[in-house]
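Keep the model open while you read. The walk goes from one buried residue to another, then to a bent helix, a hairpin and a ligand shell.

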Amino acid sequence: MSSNNNRQRVIVVGTRQSALALTQTGQVIDELKRISERQGWNYTFEIRKIVTKGDRILDVTLSKVGGKGLFVKEIEQALLDGEIDLAVHSMKDMPYELPEGLMNGATPKRVNPLDCLVTRDGGGLDKLPKGARVGTSSLRRSCQLKNARPDLKLESIRGNIDSRIRKLETEGFDAVVLAAAGLTRMGWEDRISALIPEDVCIPAVGQGSLGIECRENDEEVRELLQLLNDKETELAVRAERSFLGTLQGGCQVPIGAYATIVSQGEEGALLELTGMVGSPDGETLLKERKQGKDPESLGRAVAEALIASGADRILAEIGG
Ligand SMILES: NCc1[nH]cc(CCC(=O)O)c1CC(=O)O
């Protein structure tokens, strides 16, 4: 591609306005600046804040409104219109299918993929008193926590991570469940009372990783983003997303998946993927784990194994 060592351009980066979105975007821009400098490329970055439908209705019950990609539609339109050149997303909020003309230009190295508890007294799951009130609005989290601790009272809690932590105090919860990654990126690790191990709570597809959306025909930005890509994270996330795509799960169904690299051989990486589908009440919790080299086939295989063991009935009941 271009060997022009004197690239000059303003790269406009679109972002939501939540504290987490702004922080993640800032961190990615810092990294892109370092990379450009190393290449001798003279890029400047400009941030454009975009309000999405998801942000406008954050306090209404999101699950009632439904719809996938509530937080990305306006951002994708701005990319297609050329108003912005790239957009940083939490991978788990990124829709499975991207619009024609857009692509994921990079999957940077994943941070902690696990869920965590922020508790009132600072202890972990086993320290929560019988009947404790736990705040989460994720069906995946409430299903799995209910399954592990049927005595817990799972209650809906909405808002950005900062307001959810505030509600721990103001609304009398004993604990709230959050992604460790969000707290880590915000520099709030000290609020993590305990990580929830994956054998209790399989994380959301893509949790802890980012996706950077760009235009397919923007070779320059694609080349820049490629330098930020982490191959192992990319493979793991592709397996998880292939699993999700095969199940076609909407946000009404408790679905989780977590892939890791087991080994690196001469013929590529060996992946291990665990997938789960549960009933919202936590009474049924199905899990399958498989290894494989091709991320897309592995995702499909785990999804098909779950369907064979009854996930199809859960999905049909919920109408997801
Ligand atoms: N659904 C909201 C959301 N989207 C991304 C994160 C942060 C963690 C991540 O990058 O996976 C969060 C907050 C949370 O689930 O606690």
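A residue is called buried here if 20 or more other C-beta atoms lie within 10 Å of its own. The model is predicted, and that cut-off is applied to it throughout.

Start with Val28, in helix H1 (residues 19–39). Is Val28 buried or exposed? It has 22 C-beta neighbours inside 10 Å, so Val28 counts as buried. Setting aside residues up to four places away in sequence, Val28 touches Val88, Leu210 and Ile212. Asp121 lies elsewhere: the C-alpha atoms of Val28 and Asp121 are separated by 34 Å, with their positions 93 residues apart along the chain.

Next comes Leu125. Find it in the loop between strand S5 (115–119) and strand S6 (133–135). Leu125 is buried because 22 other C-beta atoms lie within 10 Å. Which residues does Leu125 contact, beyond its neighbours within four places in sequence? They are Leu117, Arg149, Ala194, Ile196 and Val200. From Leu125 to Pro295 the C-alpha separation is 33 Å, and the two are 170 residues apart along the chain.

Pro295 leads into helix H10, residues 295–318. H10 has 24 residues, yet its end C-alpha atoms are only 27 Å apart. A straight helix would reach 34 Å at 1.5 Å a residue. Look along H10 for the bend: a kink of about 80° is centred on Gly310.

Several residues of H10 are buried. Before the kink centre, look for Pro295, Leu298, Gly299, Ala301, Val302, Ala303 and Leu306 among them. Ala311, Ile314 and Leu315 are buried too. An α-helix has 3.6 residues a turn, so residues three or four places apart point the same way. What covers the buried residues of H10? The cover includes helix H9 (231–247), strand S12 (268–278) and strand S13 (285–292).

Follow S12 to its partner. Strand S11 (residues 255–265) pairs with S12 in the antiparallel sense, over 10 bridges. A hairpin of two residues joins S11 to S12. To check the register, find Ala257: Gly275 in S12 stands opposite.

Finish at the ligand. Ser90, Lys92, Asp93, Ile161, Leu178, Ala179, Ala181, Gly182, Gln207 and Gly208 surround it. Strand S8 (175–179) and helix H7 (180–186) each supply at least two residues of this shell. By character, the shell divides into four nonpolar, four polar and two charged residues.

Conventions:
Residues are numbered from 1 along each chain as its sequence is written. This is a predicted model: local features need pLDDT of at least 70, side-chain atom pairs count only at pLDDT 80 or more; totals for chains, interfaces and linings use all residues. Helices (H or I, at least four residues) and strands (E, at least two) are DSSP runs, numbered from the N terminus. The expected span of a helix is 1.5 Å times one less than its number of residues. The bend at a residue is the angle between axes fitted to the seven residues ending there and the seven starting there. A residue is buried if 20 or more other C-beta atoms lie within 10 Å of its own, exposed if 12 or fewer, and partly exposed in between; C-beta atoms are placed from the backbone. Two residues are in contact if their C-beta atoms, placed from the backbone, lie within 7 Å. Two strands pair if DSSP finds at least two bridges between them. A residue is near a molecule or strand if its C-beta atom, placed from the backbone, lies within 6 Å of it. Ala, Val, Leu, Ile, Met, Phe, Trp, Tyr, Cys and Pro count as nonpolar, Asp, Glu, Lys and Arg as charged, and the others, Gly among them, as polar.
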